[in-house]
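Trainee: I am new to this structure. Please take me through one part of it closely, residue by residue.

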Amino acid sequence: MGRQYDQQLLKDIIEKQEKAVVDGVEILFKPIPDCEIKGAMDPRIYKQMKKMALITRFIPKSKLKMTVNEKSVAKLRKMFNSIDSTPIVDEEAVTVTSEFVTAEDGYKIPMYCFKSKNTLENAPILYFIHGGGFFAGSTAVVTDALKVIVQNTNIIAFSIDYRLAPENLYPIGHEDCYSGLKWIHDNANRFGGDPNNIFVAGDSAGGNLTLYCTNKSLDENWNLVKGQLILYPTVNMGGVEDEYVKFSKESLIFMTNKRVSSI
């Protein structure tokens, strides 16, 4: 199946991309190709958001009130767990095997390993933790993306189906992910990976779980994480200010977190 996006848009993004060094780290910036306003929302996303806002105006307020019950959670999970990605990796190019990680309370947590035909020797490892607001999402949602990464880099990737809220209250999901990190480190050699070259990554709630794994590893002096990749992470929904985060009317400024940057 082919890619379902505008090829010209991709070319324009590549032409406008530029590199910059921030705090000694080289970063590749890819601005919106058809918008010159820095920090502006992508016009395509903005169009969808306007449509959603218009629809919401005509929904009775009584319908907008959400209570945590089985039906409401099930509906939200159905929405979050929908898979609309287009598979572009041949099934034979990347193999996916399932394992189980034993949690502290004995629960068997599903863990999936992604490997290509040409896996590097002593391969770097990517441990990707899916998002979903802590109550939804699954490895299935990010499977196609992980297959693309593995096929193009020949690294090894893992992803875990940690337990979700509200059935499993905090910190069960967080501890599941940390148990997964320790398991990957202990079993890396069995899969042909380097236990000293593990990167943890996650999107949205997965970004929060990534930070938890990284910082807990540092707190316990395990140093299991070589680096981390956090994508639009859910890290401060309460708007709390401290030595690392400051808010202003114009923007949100993140201060360098020495605990994380020291990895």
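Mentor: Here is a close look at one strand, with a stop at a helix afterwards. Keep in mind that this is a predicted model.

Begin with strand β7, which covers residues 193-203. I198 sits in this strand. Its relative accessibility is 0%. Buried means under 20%, so I198 counts as buried. Now look at what surrounds I198. Neighbours within four places in sequence are left aside here. I198 then contacts I125 and Y127. It also contacts L181, I184 and H185. L224, V225, K226 and G227 complete the list for I198. Pick out I184 from that set. I184 and I198 are 14 residues apart along the chain. Their C-alpha atoms are separated by 8.5 Å.

Stay in strand β7 and move to G202. G202 has a relative accessible area of 0%, so this glycine is buried. Again, residues up to four places away in sequence are not counted. G202 touches F128 and I129. G207 and T210 touch G202 as well. So do L229, I230 and L231. Y232 gives a distance to check: its C-alpha atom and that of G202 are separated by 8.8 Å. Along the chain, these two residues are 30 residues apart.

Finish in helix α6, residues 172-191. H174 is found there. Its relative accessibility is 9%. That is under the 20% limit, so H174 counts as buried. Beyond its neighbours within four places in sequence, H174 is in contact with F134. The other contacts of H174 are N208, L209 and Y212.

Note on methods:
Residues numbered from 1 in each chain as written. Predicted model: local features only at pLDDT ≥ 70, side-chain atom pairs only at ≥ 80, totals over all residues. Heavy atoms only, no water. Helix = DSSP H or I, 4+ residues; strand = E, 2+ residues; numbered from the N terminus. Buried < 20%, exposed > 50% of the residue type's maximum accessible area, 1.4 Å probe, protein only. Contact = heavy atoms within 4.5 Å.
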